[in-house]
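User: I would like to learn how to read a structural model at the level of single residues. Please take me through a few features in turn, with the general idea before the case.

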Amino acid sequence: MKKKIIAGILTGVLALGMLTGCGGGSESASSSGGSSEGTEQEAASDSEGGAEGGASVTLIMSSRDEFLSTLEAGALSAAEEAGISLTTQDAQNDQSKLLQYVETAKNNGNDAVIINLVDADAANAAVEAAGDMKVVFVNRRPSDTSILNENVVYVGSDEMQSGGYQGEYLAKYFNDQKKTDISYLLLKGTEGLVHTEQRTESVLKGLEEGGINAKEASAPLVADYDRATAQDMITPLITTKEYDCIIANNDAMALGAIEALKAANIDPSSIPVVGIDATVDGVQAVANGELYMTVFQDADGQGYGACMAVSNMLEGKAINEGTDFELAEDSEFISWVPFEPVTADNYADYE
């Protein structure tokens, strides 16, 4: 399907056009969820001129949730094919541990680190710990983008686009019903994360721009991108509040809401529930008519783009060279991996 085709194209580009680089060919999953025990994995090619002659890079993840595990697996697979040494680390949502891994990479003589931040406000500390290494932040953008330069860049997806697709979809849905005043329940991700705030801001902006007057049915529920937490938090509200839709910052929380609806004997297809990330379960829920829509976030593309950025930085090229990704309008140090809306009309492209 579409994701697999894209992954194949990216791997081919890497194999033909790069001495160093990584990306992937596995399915997208939810962003910014739980954690697991830290492990270390390493990929290196056995081919002539392999790991010993290629760049040495460490990928440091905030945690090993579904989305980041997909990014990791794709990066490891492509790194092996491309002949570079790639070590991955799980910071277990501990910023101090993340900084320790950055320093270890520096002490081991790595050329670069790819960092998925635990704390978006702590990016500068990571840059300082990296010393002379190139730094690529991936998936979670630093709060202060003024730290980005020719040696420090960001690769990810524009979160104002993700929630915007949700808002656009819901606005059309309610306009088709000749309904302009609605109330909503909102499941938010972890507070303080840039993408949590931007996903929330952009969906409400999309509703407003679509002519919908949207009001809270209850205060937002901060469910930390977790399915079980979302289910527990929303359960008391679904039978006591009046609402027209349920908005979730990711698929895991949307699916938690759907489980809560089912447990209350409410048909999920009777209430628009929308998510983000196009996880395997999320896309299946769209196919089943339970999740009205989701938004595909390309884990493979982000891993690929991050490693392309490493290669390009080491060679003095634009960070998006060799990709189809666009630089941000206001910064040559940000490479955007586009989001894509997934609905009943096109979900089969993402299975």
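Analyst: Start with the chain as a whole. Buried residues make up 56% of its 351 residues. This is a predicted model. The chain has 10 helices and 15 strands. Of the contacts with a separation of 6 or more, 73% are between residues 24 or more positions apart.

User: How many residues does the largest nonpolar core have, and which of them have the most contacts inside it?

Analyst: The largest nonpolar core has 53 residues, and those with the most contacts inside it are Val102, Val113, Ile114, Ile115, Val136, Phe137 and Leu148. Helix α10 (residues 299-314) gives the largest share of this core, eight residues. Another core, of 26 residues, lies apart from it and includes Ala248, Leu255, Ile258 and Leu291.

User: What is Ile115 in contact with, leaving aside its neighbours within four places in sequence?

Analyst: With those neighbours set aside, Ile115 is in contact with Ile60, Leu98, Val102, Ala126, Val135, Val136, Phe137 and Val138.

User: Next, empty space. How is it found, and how many cavities of 30 Å³ or more does the structure hold?

Analyst: The general idea is to roll a probe the size of a water molecule over the atoms, which shows where empty space is left. Here the structure holds four cavities of 30 Å³ or more. The largest cavity has a volume of about 60 Å³.

User: Which residues line the largest cavity?

Analyst: The lining consists of Asn139, Arg140, Arg141, Tyr154, Ser157, Asp158, Glu159, Val194, His195, Gln198 and Trp336. By class, three are nonpolar, four polar and four charged. Helix α6 (residues 194-209) supplies the largest share of this lining, three residues.

User: Now backbone angles. What sign does phi have in most residues?

Analyst: Most residues other than glycine have a negative phi. Two exceptions are worth a look. Asn139 is not a glycine, yet has a positive phi of about 75°. Asn139, one of the residues lining the largest cavity, lies in the loop between β5 (134-138) and β6 (152-156). Asn139 counts as buried because its relative accessible area is 3%, under the cut-off of 20%. Tyr225 is also not a glycine and has a positive phi of about 65°. Tyr225 sits in the loop between β9 (221-222) and α7 (227-238), and is buried, with a relative accessible area of 1%.

User: Is Asn151 buried, partly exposed or exposed, and why?

Analyst: Asn151 is partly exposed, because its relative accessibility is 30%, and that class runs between 20% and 50%. Asn151 lies in the loop between β5 and β6. Outside its neighbours within four places in sequence, Asn151 is in contact with Met133, Lys134, Val135 and Met313. The side chains of Asn151 and Lys134 are joined by a polar contact of 2.4 Å. Asn151 and Phe333 are 182 residues apart in sequence but 8.9 Å apart in space, C-alpha to C-alpha.

User: Last, a strand residue. Where is Thr294 found, and what does its side chain reach?

Analyst: Thr294 is found in strand β12 (residues 294-296). Thr294 counts as buried because its relative accessibility is 0%. Its side chain reaches the backbone nitrogen of Asp277 at 3.4 Å. Not counting residues up to four places away in sequence, Thr294 touches Asp251, Gly275, Ile276, Asp277, Ala278, Val286, Glu340, Pro341 and Val342.

Methods: Residues numbered from 1 in each chain as written. Predicted model: local features only at pLDDT ≥ 70, side-chain atom pairs only at ≥ 80, totals over all residues. Heavy atoms only, no water. Helix = DSSP H or I, 4+ residues; strand = E, 2+ residues; numbered from the N terminus. Buried < 20%, exposed > 50% of the residue type's maximum accessible area, 1.4 Å probe, protein only. Polar contact = N/O pair within 3.5 Å; in protein donor to acceptor, adjacent residues only side chain to side chain. Contact = heavy atoms within 4.5 Å. 1 Å grid on protein atoms, 1.4 Å probe; cavity = no way out; pocket = protein on both sides within 12 Å on 5 of 7 lines; lining within 4 Å. Points joined across faces, edges and corners; volume = space filled by probe spheres on them. Nonpolar A, V, L, I, M, F, W, Y, C, P; charged D, E, K, R; others polar. Core = buried A, V, L, I, M, F, W, Y, C linked by side-chain atoms within 4.5 Å.
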